[in-house]
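Here is a short report on one protein chain. Its topics are strand pairing, aromatic contacts, the nonpolar core and one loop.

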Amino acid sequence: MAATRRKVLVPLATLMVAGTVAVGSGASFTSSTASTTAVTSGSVTHVNDVTSLSITNIKDRDVVTGSVKITNTGTLPSTLTLAETGATSTFVPGDLKLTLTQGSTTLFDGTFGDMVDGQKVALGALPVGGSTTVTFTVRLVESSDNTNEGKNASASFAWVSTQE
């Protein structure tokens, strides 16, 4: 009978010790998951509908206009500036005039090529998908002789969008 009792008590004691160890170890159910974080930067880009304004056969008292429309095609709002980057002219100094306007605002009004190279002219905010138009008006003043016949002039401009 003592042997039978031991046969019953030893497995029972073993189960009690195992239960105590499991409860005392703080064992519990767990679950874990993973996640990913992706980062994409925005872009500041624009397009202009005209890359070159060409005026040919201008004569005394002619007034010729053209315009450039700039559109923000990026994903971030920006501010837009314009700067003349270089100009040449063989016209009589002061006879070829340039006026730049944005809507009703005059940005420059003076002799063609006299903008300060590299000096930025602020054109304002350009929201995503937004656009603005700058009009170029070129005028050749009247002269009493042929001093401006066969002359030429050119100017280059940089349009710069900067993230707001």
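Gln102 has Thr105 as its bridge partner in E5. This is a predicted model. Strands E4 and E5 run antiparallel and are joined by six bridges. Two residues lie between the strands of this hairpin, and Gly103 takes a positive phi near 65° there.

**The open sheet**

Three strands make an open sheet in the order E6-E3-E8, and their pairing is antiparallel. Strand E6 (121–126) and strand E8 (153–163) each have a single partner strand, so they stand at the edges and one side of each has no neighbour in the sheet. From one strand to the next, the twist averages 25°. Strands of a sheet pair through backbone hydrogen bonds, parallel or antiparallel.

Strand E3 covers residues 78–89 and pairs with E8 in the antiparallel sense over 11 bridges. Ser89 has Ala153 of E8 as its bridge partner.

**Aromatic pairs**

How many aromatic pairs does the structure hold? There are two. The table gives their geometry.

| Pair | Centre to centre | Angle between planes | Class |
|---|---|---|---|
| Phe136 and Phe157 | 5.3 Å | 70° | edge-to-face |
| Phe136 and Trp159 | 6.4 Å | 65° | edge-to-face |

Why do the rings of Phe136 and Trp159 count as edge-to-face? Their planes stand at 65°, and the class requires an angle over 60 degrees.

Both pairs link strand E7 to strand E8. Phe136 lies in E7, which spans residues 131–140, and Phe157 lies in E8, 21 residues apart. Trp159 is also in E8, so its pair with Phe136 ties together parts that are 23 residues apart in sequence. Phe136, Phe157 and Trp159 form one aromatic cluster.

Are these rings buried or exposed? Phe136 has 8% relative accessibility and counts as buried. Trp159 is at 15% and counts as buried too. Phe157 has a relative accessible area of 22% and is partly exposed. The cut-off for buried is under 20%, so Phe157 falls outside that class.

**The nonpolar core**

The largest nonpolar core holds 20 residues. Which of them touch the most other members? They are Leu98, Leu100, Leu123, Val134, Phe136 and Trp159. Phe136 and Trp159 thus appear in this group as well as in the aromatic cluster.

Six elements are named as giving two or more residues to this core: strand E2 (63–72), E3, strand E4 (96–102), strand E5 (105–111), E6 and E7. The largest share, four residues, comes from E7.

Leu123 can be followed through its contacts. Neighbours within four places in sequence are left aside here. Leu123 then touches Leu80, Thr81, Leu82, Gln102, Leu107, Val134 and Trp159. Val134 and Trp159 are themselves among the core residues that touch the most other members. Gln102 is the residue whose bridge partner in E5 is Thr105.

**The loop between E7 and E8**

Where does Thr147 sit? It is in the loop between E7 and E8. With a relative accessible area of 35%, Thr147 is partly exposed. Its side chain joins that of Asp145 in a polar contact of 2.9 Å. Thr147 also comes within reach of a remote part of the sequence: its C-alpha atom is 7.9 Å from that of Phe91, 56 residues apart along the chain.

Notes
Residues are numbered from 1 along each chain as its sequence is written. This is a predicted model: local features need pLDDT of at least 70, side-chain atom pairs count only at pLDDT 80 or more; totals for chains, interfaces and linings use all residues. Side-chain values use heavy atoms; hydrogens and water are left out. Two strands pair if DSSP finds at least two bridges between them. Axes are lines fitted to C-alpha atoms, for helices over the stretch in contact, and angles run from 0 to 180 degrees between N-to-C directions. Rings of Phe, Tyr and Trp (its six-membered ring) pair if their centres lie within 6.5 Å; planes under 30 degrees apart count as stacked, over 60 as edge-to-face and the rest as tilted. Buried means under 20% relative accessible area, exposed over 50%, partly exposed in between (1.4 Å probe, protein chains only). A nonpolar core is a set of buried Ala, Val, Leu, Ile, Met, Phe, Trp, Tyr and Cys residues joined through side-chain atoms within 4.5 Å. Contact means heavy atoms within 4.5 Å. A polar contact is a pair of N or O atoms within 3.5 Å; within protein, one must be able to donate a hydrogen and the other to accept it, and residues adjacent in sequence count only if both atoms are side-chain atoms.
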